[in-house]
Amino acid sequence: MKEFFNNFLLFVQFLTRIPINKNLPCEMDNFKKGLIFFPIIGLIIGGVQWIVIYSFSRILPVNIVAVFAIIASLLITGALHVDGWGDVFDGFFSFKGGKEKIIEVMKDSRIGTYSCIAIICNFILKYVGISNLITGGFSLWIIAVPVMAKCCVVFICYIGNTAKKTGSGNVFIGNVELIGVIVSSLIGMIIILPIVGAGNFLIIAIVDILLTLLINIFSKHYIGGHTGDTLGFTSEAIEIVTLIVMSAIIF
């Protein structure tokens with residue numbers, strides 16, 4: 001039980017900025033066993049966003065509340081996945097070269113034009129999607145968005161392979177067993193189903209799984225697999241598409 005709880009805290013440390021002042025074991029086995037906590041981390045992020053929406057929607061306009069919800073997500077995650085989103089656009093679209101050159105651009109701490117444009121578009125799409133949820137009276141659905149994204153990250157870690165020998169993403173990529181995918185998916189379903197309903201969940205899940213498969217094919221084609229950046233990109237892409245699908249459902 002202690003190892004189980006420590007693995008949870010390890011993922012809180014790794015994926016959020018929540019202060020956990022504790023030295024924890026961080027071997028490959030800890031990450032492998034702790035992958036089931038990905039949807040729980042999504043629940044924490046989505047829960048914080050919902051609290052922000054619930055707290056401010058009674059006193060502030062919808063557009064401002066939507067911005068606050070986005071900022072809340074950035075603060076709790078330290079923009080970890082947004083960084084990957086921007087890096088992928090820089091590497092894949094702003095430089096014509098082979099695998100090594102693409103990865104080199106993605107590793108560069110400087111951001112390029114494509115990254116800036118992609119991040120701006122990311123925030124605009126999230127802003128519109130969250131505003132739609134609030135306006136339609138479905139603000140609780142925001143909780144399901146990062147949960148769905150984290151489940152898809154676990155899935156892509158299972159079906160994908162590493163693009164380079166070393167990297168932060170290598171503790172996840174290819175380090176997932178089928179049981180881990182099943183358990184994390186079940187946890188995600190338990191969280192999401194009561195929020196959006198079975199029919200809506202099925203629609204969202206089908207779209208998100210197809211997108212995850214496409215991202216996996218795309219990454220394998222260009223760089224031979226995945227890095228930490230492509231995992232972050234996957235999380236962000238799933239969040240955006242989930243918000244778009246939700247908007248289509250409620251309107």
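In which helix does Ile-40 lie? Ile-40 belongs to helix α3, and that helix is a good place to begin, because this is a predicted model and α3, spanning residues 38-56, is where confidence in the chain is highest, at a mean pLDDT of 97. At the other end of the scale is helix α2, residues 28-34, where confidence is lowest, with a mean of 79. For the chain taken together, the mean pLDDT is 91, and 98% of the residues reach 70 or more.

Let us stay with Ile-40 for a moment. With a relative accessible area of 23%, Ile-40 counts as partly exposed, since the limit for buried is under 20%. Setting aside residues up to four places away in sequence, Ile-40 touches Phe-8, Ile-187 and Ile-191. Ile-191 stands 151 residues away along the chain, yet the two C-alpha atoms are separated by 8.8 Å.

From here, please follow the chain to the loop between α4 (62-77) and α5, where Ala-79 is found. Ala-79 is not a glycine, but it has a positive phi of about 55°. Its relative accessible area is 25%, so Ala-79 is partly exposed.

Now step into helix α5, where you will meet Val-82. Is Val-82 buried or exposed? Val-82 is buried, because its relative accessible area is 7%, which falls under the 20% limit. Not counting residues up to four places away in sequence, its contacts are Leu-74, Ile-119, Phe-123 and Glu-236. Between the C-alpha atoms of Val-82 and Leu-214, which are 132 residues apart along the chain, the separation is 19 Å.

Helix α7 (residues 113-135) holds another residue worth a visit, Ser-115. Ser-115 has a relative accessible area of 1%, and so it is buried. Apart from neighbours within four places in sequence, Ser-115 is in contact with Gly-86, Asp-87 and Asp-90.

Aromatic rings come next. How many aromatic pairs does the structure hold? There are 16 aromatic pairs. One aromatic cluster is formed by Trp-85, Phe-89, Phe-92, Phe-93, Phe-218, Tyr-222 and Phe-233.

Let us finish with the pockets. The largest pocket encloses about 330 Å³ of space. Its lining comprises 19 residues, and those closest to the centre are Leu-80, Ser-168, Gly-169, Gly-228 and Asp-229. Three helices, α1 (2-15), α5 (80-93) and α11 (228-250), each contribute at least two residues to this lining. Sorted by class, the lining of the largest pocket has eight polar, seven nonpolar and four charged residues.

What is the volume of the second largest pocket? The second largest pocket has about 200 Å³. At least two lining residues come from each of α8 (144-159), α9 (178-196) and α10 (198-223), with α9 giving the largest share, five residues. Among the residues that line the second largest pocket are Met-148, Cys-151, Cys-152, Phe-155, Val-181 and Ile-209. By class, this lining has 10 nonpolar residues, two polar ones and no charged ones. The charged class, then, is represented by four residues in the lining of the largest pocket, while the lining of the second largest pocket has none.

Technical notes
Residues are numbered from 1 along each chain as its sequence is written. This is a predicted model: local features need pLDDT of at least 70, side-chain atom pairs count only at pLDDT 80 or more; totals for chains, interfaces and linings use all residues. Side-chain values use heavy atoms; hydrogens and water are left out. On a 1 Å grid over the protein atoms alone, a cavity is a set of points where a 1.4 Å probe fits but cannot get out, and a pocket is an open set with protein on both sides within 12 Å along at least five of seven lines; lining residues have an atom within 4 Å of a point. Grid points are joined across faces, edges and corners, and a volume is the space filled by probe spheres set on the points. Helices (H or I, at least four residues) and strands (E, at least two) are DSSP runs, numbered from the N terminus. Ala, Val, Leu, Ile, Met, Phe, Trp, Tyr, Cys and Pro count as nonpolar, Asp, Glu, Lys and Arg as charged, and the others, Gly among them, as polar. pLDDT is the predictor's confidence in each residue, from 0 to 100. Buried means under 20% relative accessible area, exposed over 50%, partly exposed in between (1.4 Å probe, protein chains only). Contact means heavy atoms within 4.5 Å. Rings of Phe, Tyr and Trp (its six-membered ring) pair if their centres lie within 6.5 Å; planes under 30 degrees apart count as stacked, over 60 as edge-to-face and the rest as tilted.
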